[in-house]
Amino acid sequence: MAAIKYRLIKKDSRTNARLGILETPHGVIETPVFMPVGTQATVKAMTPEELKEIGATIILSNTYHLYLRPGHKIIEKAGGLHRFMNWDRAILTDSGGFQIFSLSSLRKIKEEGVEFRSHIDGSKHFFTPEKVIEIQNALGSDIIMSFDECAPYPADYEYVKNSMELTIKWAERGKKAHKNTEKQALFGIVQGGIYEDLRKECAQRLVEMDFPGYSIGGLSVGEPKNVMYDIVDLTTEYLPENKPRYLMGVGSPDDLIEGVIRGVDMFDCVLPTRIARNGTVFTSKGKLIVRDAPYAEDFSPLDEECDCYTCKNYSRAYIRHLFKANEILAARLATIHNLYFLIKLMERIREAIRQDRLLEFKKQFFKKYGYKEE
Ligand SMILES: Nc1ccc2nc(N)nc(O)c2c1
């Protein structure tokens, strides 16, 4: 029996959007889904109960960070990541490839693996596809990622081609090393930069290896939005309909809608939690920097149309005050709201697919939010 089961419930009649159900060992997930990021075994400023309250069904954590601190062996001794962080719904762990390239200094990429220095204390480490699988097996996450190289943007064709070849080899080695297939679903990660032929080749070769799900990596790394959208469009074309597609590191409200339209089922992004801590929140009429002066005597909620705990109980003036006073509650109230906003957005997207009016929903949301149509 495989660790996860994806069922395609309905395809949108005019786009590549899909309504699906993803069954995992830690609960059922309705897709398309937004996954809050909990890199170091916590979604910053949120308790698991608050995450459940806002409707989160799956969260992310990270191999690179948890290996460095507190160490995957300690988490294994604690009974695994679910037990350690008191989260009994689904967890997806990223493999660390991306974090090594974005966080650590002194990296040496070889066929065998990647040598890097910890961003915490400069100690030297060596990740291989086998090591990364072993760490994720110890963490016990429900969905785990292959070890990949996320090519930088921009990068020339030769570099991306070699990098993609390495990602394929590492995916094969990781798949061989992964024994716990009943409990943990290993996804392949499609790379290939912005090059159509490399994306097609990478997707086809990963599909031949028959993973239970596929991530689209190497995007949301600084490329223009329309380039990202085009690469997503062409990559999903080569991925099987009956398996989930996960667009890594995305995103903002417009990116979520555009990604769903192009056939993506799963998303994660640090944006909602990160900007919340800096006092920027999503609202149905666009982003709002609540710490700004105009809100000093604005006693309305962050968003008139939002029914989250924050919007039901606190005013912009109060939340602005908390930010100005550097109070911890500021980050908590803004984070609750931002995560709820995106999780609610996904719920409205799923409803729009059900009613076959996704494009109308996009038009209406974009107009109100202040986005210009692509
Ligand atoms: N934008 C991103 C975010 C996370 C990623 N994780 C992995 N493993 N690979 C990528 O290409 C990513 C890209």
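Tutor: A crossing of two helices is left-handed if the near helix is turned anticlockwise from the far one by less than a right angle. Keep that in mind as we look at this predicted model.

Student: Happy to! Which handedness does the crossing of α10 and α15 have?

Tutor: Picture helix α10, residues 253-261, beside helix α15, residues 358-369, with axes that come within 11 Å. For this pair, the crossing is left-handed.

Student: And are α10 and α15 roughly parallel or roughly antiparallel?

Tutor: Start from the angle, since two packed helices are described by the angle between their axes and the distance between the axes. Here the axes of α10 and α15 cross at roughly 165°. Angles over 145 degrees count as roughly antiparallel, so α10 is, relative to α15, roughly antiparallel.

Student: How many nonpolar residues does the contact of α10 with α15 have?

Tutor: On the α10 side you will find Pro-253, Asp-254, Ile-257, Glu-258, Val-260 and Ile-261. They meet Leu-358, Leu-359, Phe-361, Lys-362, Phe-365, Phe-366 and Tyr-369 of α15. By class, that contact has 3 charged residues, no polar ones, and a nonpolar count of 10.

Student: Tyr-369 caught my eye. Is Tyr-369 buried or exposed?

Tutor: Tyr-369 belongs to helix α15. Beyond its neighbours within four places in sequence, Tyr-369 is in contact with residues including Pro-253, Phe-282, Lys-285 and Phe-341. Its relative accessible area is 8%, and buried means under 20%, so Tyr-369 counts as buried.

Student: How far apart in space are Tyr-369 and Asp-254?

Tutor: In sequence, 115 residues separate Tyr-369 from Asp-254. In space, C-alpha to C-alpha, the distance between Tyr-369 and Asp-254 is 9.3 Å.

Student: Now the interior. Which helix gives the largest share of the largest nonpolar core?

Tutor: In soluble globular proteins, nonpolar side chains tend to be buried together. The largest nonpolar core here has 97 residues, and those with the most contacts inside it are Leu-51, Leu-206, Phe-267 and Ile-349. The largest share of this core, 14 residues, comes from residues 328-354, helix α14.

Student: How many residues does the other core have?

Tutor: This other core lies apart from the largest one, and Ala-3, Val-37, Ile-58 and Met-145 are among its members. Its size, in residues, is 20.

Student: One last residue: what is the relative accessible area of Ser-215?

Tutor: Ser-215 sits in strand β12, residues 214-216. Among its contacts beyond four places in sequence are Met-145, Phe-187, Tyr-246 and Met-248. Ser-215 is buried, with a relative accessible area of 0%.

Key. Residues are numbered from 1 along each chain as its sequence is written. This is a predicted model: local features need pLDDT of at least 70, side-chain atom pairs count only at pLDDT 80 or more; totals for chains, interfaces and linings use all residues. Side-chain values use heavy atoms; hydrogens and water are left out. Axes are lines fitted to C-alpha atoms, for helices over the stretch in contact, and angles run from 0 to 180 degrees between N-to-C directions. Helices (H or I, at least four residues) and strands (E, at least two) are DSSP runs, numbered from the N terminus. Angles under 35 degrees count as roughly parallel, over 145 as roughly antiparallel, 65 to 115 as roughly perpendicular and the rest as oblique. Contact means heavy atoms within 4.5 Å. Ala, Val, Leu, Ile, Met, Phe, Trp, Tyr, Cys and Pro count as nonpolar, Asp, Glu, Lys and Arg as charged, and the others, Gly among them, as polar. Buried means under 20% relative accessible area, exposed over 50%, partly exposed in between (1.4 Å probe, protein chains only). A nonpolar core is a set of buried Ala, Val, Leu, Ile, Met, Phe, Trp, Tyr and Cys residues joined through side-chain atoms within 4.5 Å.
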